[in-house]
Amino acid sequence: MSELTDNEMLRYNRQIILRNFDFDGQEALKASSILIIGAGGLGCASSQYLAAAGVGTLTLVDDDTVELSNLQRQVLHCDETIGVKKVMSAKMALNRINPNCHINTVDKRLSDDELRSFIASHDLVLDGTDNVDTRNQLNRLCHESKTPLVSGAAIRMEGQVSVYTYQDDEPCYQCLSSLFGQQALTCVEAGVMSPVVGIIGSVQALEAIKVLTNYGQPLISKLLILDALSMNWREMKLAKMPNCSVCSH
């Protein structure tokens, strides 16, 4: 466990005084590493709170560059970083939020083997991607190493979050994605309201913190669904599919 400095004790005081979180929870965060796939809307929203909360190491993976159309919802980027690699733009912003958080960047699309290696060397993976194929890939590789995965999605005025820790009796993301196949749209095709991305990314950050510090009850075997038009939250129980190609062996 990483011992906190006097400066860190003061910085994170409002978390340390939380009942049952205490110094142990904060030190667990400092010792933790999170692999964030995607430095877009969800990646920006989640990473800023993870950095501010005191996660020791964040690794950002994204091969894209900042465009003007990103700025409506990708809050770590700005006009001055248009044309810059998203991971570098995000790193600069995160360093301003908390210089104690170590930020690694990977500005290319990773092969299965490369991604497998990164996943195995981190304590948790946070999915900030926007397509089912990549989410299924992440799920499959996280299942191999039993690395917890915090999954999120936001589109139009809707969002969802779930957590997978790959215990024998738990479903995986493939159990969920097999229900809707390849028909899921992206926000490029359907649009998305800016704060919806922020809400879902913040929930992902909170779920990651809970998993890493064994604090509270993460959304394991559950899907939390937001209808932002009515500001209604629903929780759906996820079942393990008996014929799932990933987790039913």
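Start by selecting Gly43 and showing what surrounds it: beyond the residues up to four places away in sequence, Gly43 touches Ile36, Gly38 and Gly128. Keep in mind while you click around that this is a predicted model. Gly43 belongs to helix H4, residues 41-53. Is Gly43 buried or exposed? With a relative accessible area of 2%, Gly43 is buried, because the cut-off for that is under 20%. For a sense of scale, draw a distance from the C-alpha of Gly43 to the C-alpha of Ile220: these two sit 177 residues apart along the chain and 20 Å apart in space.

**Next: H4 against H10**

Now colour all of H4 and add helix H10, residues 194-213. The two axes are 7 Å apart, and the helices pack at an angle of about 45°. That angle is why H4 and H10 count as oblique to each other. If you turn the view to look at the crossing, its hand is right-handed.

To see who meets whom, show side chains on both helices:

- On the H4 side, pick Gly41, Leu42, Ala45, Ser46, Tyr49, Leu50 and Ala53.
- On the H10 side, pick Val197, Gly198, Ile200, Gly201, Ser202, Gln204, Ala205, Ala208 and Ile209.

Colour that selection by class and you get ten nonpolar residues, six polar and no charged.

**Over to H3**

Select Gln26 in helix H3, which covers residues 22-30. How accessible is Gln26? Its relative accessibility is 0%, so Gln26 counts as buried. Leave out the neighbours within four places in sequence, and Gln26 is in contact with Leu4, Tyr12, Gln15, Ile16, Phe21, Ala53 and Gly54. Of those, Ala53 is worth a second click, since you already have Ala53 selected from the H4 side of the contact with H10.

Gln26 has buried company in H3: Gly25, Glu27, Ala28 and Leu29 are buried too. What do the buried residues of H3 pack against? Show helix H2 (13-16), H4 and H10, and you have the partners.

Keep H3 and H10 on screen. Here the axes are 9 Å apart and the packing angle is about 105°. That makes H3 roughly perpendicular to H10. At the contact, Gly25, Ala28 and Leu29 from H3 meet Ile209, Leu212 and Thr213 from H10. By class, there are four nonpolar residues here, two polar and no charged.

**Into the core**

Which residues have the most contacts inside the largest nonpolar core? Select Ile34, Leu50 and Leu58; the core they belong to has 40 residues. H10 gives the most to this core, with nine residues.

Zoom in on Ile34. Setting aside residues up to four places away in sequence, Ile34 touches Leu50, Val55, Thr57, Leu58, Thr59, His122, Leu124, Leu126, Ala208 and Leu212. A second, separate core has 25 residues; for a way in, select Val132, Leu138, Cys172 and Cys247, which are among them.

**Last stop: Ser245**

Finish with Ser245, in the segment after strand E8 (232-237). Is Ser245 buried or exposed? The relative accessibility of Ser245 is 53%, so Ser245 counts as exposed. Draw one more C-alpha to C-alpha distance, from Ser245 to Asn214: they are 31 residues apart in sequence and 29 Å apart in space.

Definitions and conventions
Residues numbered from 1 in each chain as written. Predicted model: local features only at pLDDT ≥ 70, side-chain atom pairs only at ≥ 80, totals over all residues. Heavy atoms only, no water. Helix = DSSP H or I, 4+ residues; strand = E, 2+ residues; numbered from the N terminus. Buried < 20%, exposed > 50% of the residue type's maximum accessible area, 1.4 Å probe, protein only. Contact = heavy atoms within 4.5 Å. Axes fitted to C-alpha atoms, helices over the stretch in contact; angles between N-to-C directions. Parallel < 35°, antiparallel > 145°, perpendicular 65-115°, else oblique. Left-handed = near helix turned anticlockwise from the far one by under 90°. Nonpolar A, V, L, I, M, F, W, Y, C, P; charged D, E, K, R; others polar. Core = buried A, V, L, I, M, F, W, Y, C linked by side-chain atoms within 4.5 Å.
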